[in-house]
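Please open the model in your viewer and keep the sequence panel visible. The tour below proceeds by selection, with a note on what each selection shows.

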Amino acid sequence: MRPKRIGYRALVTLWLLTTLALAAPAIAQESVGDTASQAPVDLVVVMKANRVLYLYSDGEMVDQFPIALGKDPIGTKRRRGDNKTPEGLYRLDWRNPNSDFYRSLHVSYPDAQDRAASARLGVDPGDFIMIHGQPSYDDREREGDWTNGCIAVSNAAIDEIWNRVSDGTRIHIYP
């Protein structure tokens with residue numbers, strides 16, 4: 001028994017459908033990525049050990065940026081001048097377009113728990129912890145952890161974060 005012959009049009013149609021079916025996951029992923037990159041961010045996550053800041057929208061990670069931390073990054077901030085970046089759950093509660101650094105977003109440190117922990121130690125907890133770009137007062141290349149406790153990113157990264165993160169957005173800072 002001979003196999004039934006397929007006409008030219010049917011063969012082209014079959015080829016086209018197969019090609020589209022194989023390409024569909026890549027096309028769908030690209031489309032989701034494009035949409036996700038424009039989605040409003042509802043959570044910022046900082047992984048101090050990995051030196052990465054992640055942006056999330058509806059539970060999906062939509063972007064990530066390398067970071068620099070305080071000069072003494074191990075452990076959480078407890079006192080003014082300890083050069084540590086805090087750990088915990090906070091909010092990005094206001095922004096400063098005229099910062100000494102290229103743009104800055106304020107982390108709501110210290111919260112009540114931070115103040116209580118510092119009070120038990122008899123010390124000032126410090127304040128003005130920010131996510132910020134590079135210093136506007138000089139253009140030296142910075143490497144490693146160099147802030148006084150803030151989370152530093154490139155100027156291009158702070159532009160992206162600035163445009164996608166609203167005041168009041170949650171930030172989780174992990175060890």
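Begin with the whole chain, coloured by secondary structure: read along the sequence, its elements follow the pattern α-β-β-β-β-β-α-β-β-α-β. This is a predicted model, and its chain holds three helices and eight strands. Of the 175 residues, 37% are buried. Among contacts between residues at least 6 apart in sequence, 60% join residues at least 24 apart.

**The sheet**

Next, select the strands. The eight of them form an open sheet with mixed pairing, in the order β3-β2-β1-β8-β4-β5-β6-β7. At its edges lie β3 (60-66) and β7 (151-152), each of which pairs on one side only. With the sheet still displayed, add helix α3, residues 155-164, which packs on the sheet. The helix touches β1 (41-47), β2, β3, β4 (88-96), β5 (104-107), β6 (130-132) and β8 (165-174). The direction of α3 makes about 145 degrees with that of β3.

**From the β3 edge inwards**

Select β2, residues 52-57, together with β3. The two strands are antiparallel and share six bridges. Within this pair, L55 stands opposite D63 of β3.

Now move to β1 and its two neighbours. On one side, β1 pairs with β2 in the antiparallel sense over five bridges, and V45 has Y54 of β2 as its bridge partner. The same two strands, β1 and β2, form a hairpin with four residues between them. Select R51 in that turn to inspect its backbone: its phi is positive, at about 55 degrees. On the other side, β1 and β8 run parallel and are joined by six bridges; L43 has R170 of β8 as its bridge partner.

How many of the seven residues of β1 are buried? Five are, so the strand is largely enclosed by the rest of the structure.

**D42, in β1**

Select D42, which belongs to strand β1. Is this residue buried or partly exposed? D42 is partly exposed, because its relative accessible area is 29%, between the 20% and 50% limits of that class. Leaving aside residues up to four places away in sequence, D42 touches Y56, S57, D58, T169 and R170. A C-alpha distance from D42 to L55 gives 7.8 Å, for two residues 13 apart along the chain.

**S104, in β5**

Select S104, found in strand β5. S104 has a relative accessible area of 1% and is therefore buried, the limit being under 20%. Display its surroundings: beyond residues up to four places away in sequence, S104 touches W94, R95, N96, S99, M130, I131, H132 and W162. For a view towards α3, draw the C-alpha distance from S104 to I161, which is 9.9 Å across a sequence separation of 57 residues.

**The largest pocket**

Finally, turn to the largest pocket, which holds about 340 Å³ of space. Which of its 19 lining residues should be selected as the closest to the centre? They are F101, D127, F128, N148 and C150. Colouring the lining of this pocket by class gives six nonpolar, nine polar and four charged residues.

Definitions and conventions:
Residues are numbered from 1 along each chain as its sequence is written. This is a predicted model: local features need pLDDT of at least 70, side-chain atom pairs count only at pLDDT 80 or more; totals for chains, interfaces and linings use all residues. Side-chain values use heavy atoms; hydrogens and water are left out. Two strands pair if DSSP finds at least two bridges between them. Contact means heavy atoms within 4.5 Å. Axes are lines fitted to C-alpha atoms, for helices over the stretch in contact, and angles run from 0 to 180 degrees between N-to-C directions. Buried means under 20% relative accessible area, exposed over 50%, partly exposed in between (1.4 Å probe, protein chains only). On a 1 Å grid over the protein atoms alone, a cavity is a set of points where a 1.4 Å probe fits but cannot get out, and a pocket is an open set with protein on both sides within 12 Å along at least five of seven lines; lining residues have an atom within 4 Å of a point. Grid points are joined across faces, edges and corners, and a volume is the space filled by probe spheres set on the points. Ala, Val, Leu, Ile, Met, Phe, Trp, Tyr, Cys and Pro count as nonpolar, Asp, Glu, Lys and Arg as charged, and the others, Gly among them, as polar.
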